[in-house]
Every structure is written in C-alpha cells, then in structure tokens.
Amino acid sequence: MDVVDLARTQFAVTGSLHFLFVVLTLGLAPLVAIMHTRYAVTGNPLHERMTRFWGQIYVINYALGIFTGLVMEFQFGLSWSGLSRYAGDVFGAPLAIETLVAFFLESTFLGLWIFGWHRLPRGLHVTCIWLVTLTAYASAFWIMVANSFLQHPVGSVEQGGRLVLRDFGALLTNPNLVFALPHVISAGLWTGGFVVMGASAYHLFRRTAEREFFTRSLRIGVVTAFIGSLFTVGFGYAQFGVVEDTQPDKFDGVIPGTALGLMITIGQLLQFGVMLVLLPLLIKDLLARWRWLHPVLMLITPLPFVAAIAGWLVREVGRQPWLVYGKLSVADAMTPGLSKAAIIGSFVGFAGVLGLLALIDYLLIARAVRRGPGQVSLGMPDRSADPVPQPAHSL
Amino acid sequence: MEIIWFGALAVLLLGYFALEGFDIGLGILLPVLGRSQEDRDRLVGAVAPFVLAGEVWLVALVGVLFGAFSTLEGEVLSGLYPLVVALLLTWITRDAGLWFRRRADGAAWRAVWDGAICLGSAGLALTWGMTLVALARGLSAPLLSLEGVVGGLVVALAFCLHGWTFAAWRLPGDPVVRGARRTGRALALTALAAAIPAGLTVAVVASTLIDHAAPPETLTTMGAIVLPCVPILVGAQVWVWRIFSRGALPTFF
C-alpha cells in the first residue's frame, strides 16, 4: 500500500466506525424523545422507565459517536490538506455551520438532558431531548450538504486554481442531497427500530419479568423499522436517476458494485419481512407471544448496520478516483509530504484506540440491555454534595 | 467580515481554555485531590455536567478554521501532525474515562477509567501547551523543543490551578480541597489565567489569520446563518451554568 491508499483506508475505517454509532443515534433520538414526551404528558411510570432504559442505550452509544467524530473532523486537515486548499471556501462552510451551530447545541442540550434529571422542570427537560434530536438531524443535514458537494460540486466556480462559492442555495438543493438525506435519516430509524426490536426479543425470549415493558417496546421497534425501511428503500431507488445523471460509472468498480448488491439484498428482504411478516404479527401481540421467532429477531438486528456501511461504500468508493468529483483527485488532495511513518503511526493509534473503545462500548450496550429496565443509571437520584460523614473514632 | 470571523475564532479558543481548562485540570489532579473512590466520584460529579458544553468550543473552533480560514486549516493541522494526533488520542482517552467509569461495577473498573481521565487530561494539557508554542513560533520550527515542553508545563499548571479553584467553588469547604472556599470571582480569575496562554498565541498569529480569511461570499453566507443563532448558543451555555452550579451532584459520569 502506498501513502494515498493508507490515508484512504484510515479515513474509511474511522468513517465507517463513526457511522455505525451515528446511524443508531439518529434512530434512537426521536424514539427516546417520544417516550419522554409520553411520560411528561401522562405521568405513567412505565413511560419513565422506557425513557430511562432506551435513553441509556442511546447515551452509551452516543459516546463513541463523539470520539470517532472528533477524529473525522481533524482528519481532513491531517491527511487531506489539499481539499481545504482547493475547495475549503465552499466545502468548509457547511462543516463550519455544522460544528458551530448544530453540534454545539446538540452536545450542550444533551448534557442538560443527561444531567438534568430531578433538576429541570419536566417540560423543559423534555424540550432538551427534542432539541437534541432536532440538532442531531440538523447535523446530519449539514454533513450531507458537504458530502453531496464532494459527489457533485455545484454552486461554485474555479478561480485561480481554487473553488469559489457562487450560489450557496445550489449546495442546499444539490440533487445528490435531496434523496440521499432522507435515505440516511430513514436508515437511522430502521436501525434504531431493529435495535429496540432485537433487545425486546431478547427479554421476551428469556421470559424476564418485564413482559409488558418489552411487549410495548417490541411494537415500537417494529413500527419504527417499518416506517424507516419503507422510506430508506424508496429514497434509495430514487437516487438511481441522480447517480445516472451525475456519476454514470459509479457502480462499475468491484467494491461499489458488490456493496450495492449487498445493500439492496439486505434492504429489500428485510423491508418485505418487516412489512409482510412482523407488522401483521403485531395484531394481538402475536410477535411478542411467538417465542420461537425471537432468536430470529435477535439475529437480524445487526443487518441494518451492515447495509448502512455498504451504502457508504457505494457512495464513497464509487466516487473514486475523485475527492471532489471531476475536479480534485484523491491523490492530489493528500497532504503534500505526508510520510508513510506518520500515516501508519496515526492509523495504528486511531484504529487501535477507537476500535478498542467501540468494542467496549458494544459490550456495555449489551450489558445494559441484559440488565434490563430495573438497573438503569441514567436518571438515578443525584447525591448530596456533602462528603459522607467520617465514622467517629472512639476507644 | 474577516475581523468578525477572526473574533469568533479567538473567542472559541479562549472560551475553550477557560471552560475546558478546569475539567482538564481537575482530571490531572483527580488522584491527588481524590484520595478515596468516594472523593473521586464527587469530583467527577462536580465537573461532569460542564464537560459536554465545554469541549464543543474546540469542535466549533476547528469547524470555523475550516470554513473561514480554509487555506490555513490543512496547513496548520498537517503542520502540527504528531501534536494533533496526540491531542485527539489524549482527548478521547480522557472522554472515555468520563463516559465509561460508571458503566460497569467494581473498584478495578472505575480505577482503570479514573486513570484514563488523569493520564488523558495530563497528556491533553501538555499537548496544548506544545501546540500553542509551535503555533506562536511558526510551523517551520521543530515541534518538539524545550520551549514547547515548558509551554506544556505552564498550560498544565494553569489548568490545575483553574481545576482546583473550580473544586473549591463547587464543593466549598470540602475535604477534597482541604476545606478551602473560592468565590465565583476567583473562578473567573483562574479562567482568565487558563486562557492567557491561548490569548498570547492568538495575538501572535492574528495578522496571519486575518490575511488568510476566506473570500467575502463565504464569510457573509456563513455569517447570515450563524449570527442569528448566537443568542441561542450563548443562552444554552448560560443555562448549563445556571442549572449545575449549585446543589446535589449528578451521578451519571
């Protein structure tokens, strides 16, 4: 592998890790917000328990989204300084808005939500999780604006060897954005739905004491997966026309072609399965009662993650050898003089640390699922700021 | 417009040092001030609600560097390559310690992640000092130098002072700070002390930054979207400080 290949692989590995966690964040955020709203409106303790249990899964998952996202942001400057030199005045704008407005607010409101239990009035507390959801979707929007520009560089002209912004509106209405954004967001809902479904199936299969909790959760998971899969598949097929117009040879390579086939196979089979089998079985809670089906639900839980990564491979590898399609090649965008030692060192560091933390995070999510709603630390009572009194010493 | 975006960059960097400085400083001091597990839990509980609202200042800073000073972004980050990699790895290590320390039971588990908080914070402070020195000296100078190490120690000391003051302000009279009490004014002063190294660097590089600002179309477009949001950004930050400055300690981190 030469330096360009190593830098590309590093970006692919950190980017894929990032999206594995982000896709679940995007799916779980609105579900947790809806659960919290139902609790705030009805005061029903079941909804409080659902908010805290699924909220904790959401928050544990969120940590790795942050860690991997930090590396993503800095990696542009580390490995691909040619991108900012050539297209930074256009591509940088949506990224700056994403970090300065969307993520800034998302992280601030998430902190208020996580630590605000027993402290914020219920209405304001619910508002926080809705603001987290809204700003997470705004983040997804701006990142997809930036990515779509790389796929199809609209709204700009080349002047003196650099791209200059001419029409920001064209970036926001990029044909490579308008179907891809709902495709990605629906894939998030689908993934979130499957995780809720798989975890519920685990508890129902194990016949734990939380039957009502997980029967209701299973319903939420299946309905969410149904909505998500319907729109993911619809907005997936809708992109073929755009790709044909803007990147006609996108699927010609081995990796994009294979990944496209894999994504469509998983997507189509699961979408039919959810619509024609799982959704009807919600009648009279047959799905919750048919225990023999639960291992199947657990086994298919990872498939939307696989499809999501395959989807990104299609989109990104299919753009090669271009970084900015038709204008700047990946090789030309690489930081001049980047040494093999530097890229290998950082690759080992990032992949090692993030890979290990990702593994730990998944084990922690599995642990939280296994322990169930009875032992949730999110929303536990605060503790007094006073130190525990020292035991009196006496003879 | 260049001046406004330079101001934004400067505010974000100084804000990061003032608002993350005490998190990082307390992280370094965690084994020193928190002799028992119970003390460490209270120190982390005091600082926890401020971390998410503090570290976004740096995320936003790099975003602004990319959007408003794009010709410098790649040059600066790749010019500081080993320092940026170290900064990311130590930052992630510190954050992982915070997020994971209470996610499983057992004294050993929590001790490992408390160690990650301490080592990550120390590495982060040292890396920041070296980064500031490298920026001030210009990227052609060697990254690893005696000045850089001294800069790292100065930043680490300033953060420790800020962190200690935060603890004495948030947990007044507590045994972890040997019964000390500090006012909000004292905390503001150590915030200033923590931000001074960053301020000096910004002053040195100011003219270079302004010369490399993006063209007016880019700056105006971003300004039109970002400026109306500024009151919300500020309001959210103020809200965090109003909610979590007093009272019981959250237990999630």
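**Exercise 1. Determine how many helices and strands chain B contains, and in which order they follow.**

Solution. The secondary structure of chain B consists of nine helices and zero strands, where helices (H or I, at least four residues) and strands (E, at least two) are DSSP runs numbered from the N terminus. Along the sequence, the pattern reads α-α-α-α-α-α-α-α-α. The model is a predicted one, in which local features need pLDDT of at least 70, side-chain atom pairs count only at pLDDT 80 or more, and totals for chains, interfaces and linings use all residues. Residues are numbered from 1 along each chain as its sequence is written, chains are lettered from A and ligands numbered from 1 in the order in which they are written, and side-chain values use heavy atoms, with hydrogens and water left out.

**Exercise 2. Compare the UniProt annotation of chain B with the computed helices.**

Solution. First, take the record: an unreviewed UniProt entry places "transmembrane region" at residues 6-31, 43-68, 80-100, 112-136, 148-167, 187-210 and 222-244 of chain B. Such positions are given in the numbering used here, feature names are shortened, and annotations may be inferred rather than shown by experiment. Next, examine two of these spans. Residues 80-100 of chain B are 95% helix and 0% strand, with end C-alpha atoms 30 Å apart. Residues 187-210 of chain B are 100% helix and 0% strand, and their end C-alpha atoms lie 32 Å apart.

**Exercise 3. Establish whether the radius of gyration of chain B agrees with or departs from that of a compact globule.**

Solution. The radius is taken over C-alpha atoms, and the globule rule is 2.2 Å times the number of residues to the power 0.38. For 253 residues the rule gives a value near 18 Å; chain B has 19 Å, which agrees. The C-alpha trace of chain B spans about 55 × 40 × 35 Å along its principal axes. Finally, 63% of the 253 residues in chain B are buried (buried means under 20% relative accessible area, exposed over 50%, partly exposed in between; 1.4 Å probe, protein chains only).

**Exercise 4. Locate B:A224 and B:R178, and decide whether each is buried or exposed.**

Solution. B:A224 belongs to helix α8 (residues 216-226) of chain B. Its relative accessible area is 53%, so B:A224 is exposed. B:R178 lies in the loop between α6 (146-170) and α7 (184-211) of chain B. With 59% relative accessibility, B:R178 counts as exposed. Phi of B:R178 is near 55°, a positive value in a residue other than glycine.
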